Amino acid sequence: MFANLKYVSLGILVFQTTSLVLTMRYSRTLKEEGPRYLSSTAVVVAELLKIMACILLVYKDSKCSLRALNRVLHDEILNKPMETLKLAIPSGIYTLQNNLLYVALSNLDAATYQWPSDSQLDSKELSAGSQFVGLMAVLTACFSSGFAGVYFEKILKETKQSVWIRNIQLGFFGSIFGLMGVYIYDGELVSKNGFFQGYNRLTWIVVVLQALGGLVIAAVIKYADNILKGFATSLSIILSTLISYFWLQDFVPTRVSLCRQAGVLWRDLGLLQPPTPWFKGFSCLSL
């Protein structure tokens, strides 16, 4: 049963990551009348949806009893403030990463977002400035994602709290940090056009996919590990590249870009090898 959960969660993560990258890219570049939706508000809505979904899952685990649900939330969250505060660090990083995801896909094509290619630098539709902003967003998200993933895995595997409780704690801080971002960067636009300005059916699909991603990633880290999560991301790179080339037709592969992608895939596959005893002794995840 445990092995099945691991591979099912990995498969869902590949589907979710690929779908999110492509739909988010399309939603951020689609030309429509009126203001474009604010990425900062989309991040907040995704966090709130994730919290609601996790509360429903905890409710199901509590045998559909509201009294039992209230007791679990009170005992595991309110009565353990220090345990809850531990999630503030990865939550802040994930919130930053989610906002950078929108920035990157607003300035890059889907394939370049997952691994840069030199051929895109001469694109007529994307300026050098937007390419630079997009690539910097990707690099920052990569570095922050690695640290947050390892930190979150350590918390999940060192405590007995359910993954859904941890996600509620994560989403709580994520909502706070996200609302702060909305107020600081888009407060004027929200006051003028409303919180849900520019939202349409595609926007809600992106938001739901992003919320689903938070749940699936937590499940993968809980039942597998952060390394296999990277492997799933590698498969997503392949799918995104193929779809971006054959369907969206906004990516032109070159020998350099293919070598880079092969290098990333080789790195992720190499990480699947078990660590040496010397390395494991210094690993923060050696439990």
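Long-range contacts dominate the count in this predicted model. Of the contacts between residues at least 6 apart in sequence, 84% join residues at least 24 apart. Contact here means heavy atoms within 4.5 Å. Residues are numbered from 1 along each chain as its sequence is written, and side-chain values use heavy atoms, with hydrogens and water left out. Because the model is predicted, local features need pLDDT of at least 70 and side-chain atom pairs count only at pLDDT 80 or more, whereas totals for chains, interfaces and linings use all residues.

The protein has twelve helices and zero strands. From the N terminus on, its elements run α-α-α-α-α-α-α-α-α-α-α-α. Helices (H or I, at least four residues) and strands (E, at least two) are DSSP runs, numbered from the N terminus. Of the 287 residues in the protein, 46% are buried. Buried means under 20% relative accessible area, exposed means over 50%, and partly exposed lies in between (1.4 Å probe, protein chains only). The protein exposes about 15900 Å². Carbon and sulfur atoms supply 68% of that area. The areas come from the Shrake-Rupley method with a 1.4 Å probe; for residues, only the protein chains shown count as cover.

An unreviewed UniProt entry lists six stretches under "transmembrane region": residues 6-25, 37-59, 132-152, 164-184, 204-224 and 231-248. UniProt positions are given in the numbering used here, feature names are shortened, and annotations may be inferred rather than shown by experiment. Two of the listed spans illustrate the match with the model. Residues 6-25 are 100% helix and 0% strand, with end C-alpha atoms 29 Å apart. Residues 164-184 are also 100% helix and 0% strand. Their end C-alpha atoms lie 30 Å apart.Helix 2 (residues 39-61) has 23 residues and reaches 33 Å from its first C-alpha to its last. This is close to the 33 Å expected at 1.5 Å a residue. The expected span is 1.5 Å times one less than the number of residues. Within helix 2, Val58 is buried, with a relative accessible area of 4%. Not counting residues up to four places away in sequence, Val58 touches Leu69, Val72, Trp164, Ile165 and Ile168. The C-alpha atoms of Val58 and Val163 are separated by 9.6 Å, although the two residues are 105 apart along the chain.

The loop between helix 2 and helix 3 (66-78) holds Lys63. Lys63 comes just after helix 2 and takes a positive phi of about 60 degrees, although it is not a glycine. At 76% relative accessibility, Lys63 counts as exposed. Cys64 is placed in this loop too. Its phi is positive, about 55 degrees, and Cys64 is not a glycine either. Cys64 is partly exposed, with a relative accessible area of 49%. Cys54, by contrast, counts as buried at 0% relative accessibility. A search of the whole structure finds zero disulfides, a disulfide being a pair of cysteine sulfur atoms within 2.5 Å.

Helix 8 (residues 163-193) spans only 37 Å between its end C-alpha atoms. A straight helix of 31 residues would span 45 Å at 1.5 Å a residue. Helix 8 bends by about 90 degrees at Asp186. The bend at a residue is the angle between axes fitted to the seven residues ending there and the seven starting there. Gly194 follows helix 8, with a positive phi near 95 degrees.

Gln197 lies in the loop between helix 8 and helix 9 (201-223). At 5% relative accessibility, Gln197 counts as buried. Leaving aside neighbours within four places in sequence, its contacts are Pro35, Arg36, Tyr37, Leu38, Leu189 and Val190. Gln197 and Thr41 are 156 residues apart along the chain, yet their C-alpha atoms are separated by 9.3 Å.

Ile89 is found in helix 5 (residues 88-107). Ile89 is partly exposed, with a relative accessible area of 43%. It touches Phe147 and Tyr151, not counting residues up to four places away in sequence. Ile89 and Phe173 are 84 residues apart in sequence and 8.9 Å apart in space, C-alpha to C-alpha.
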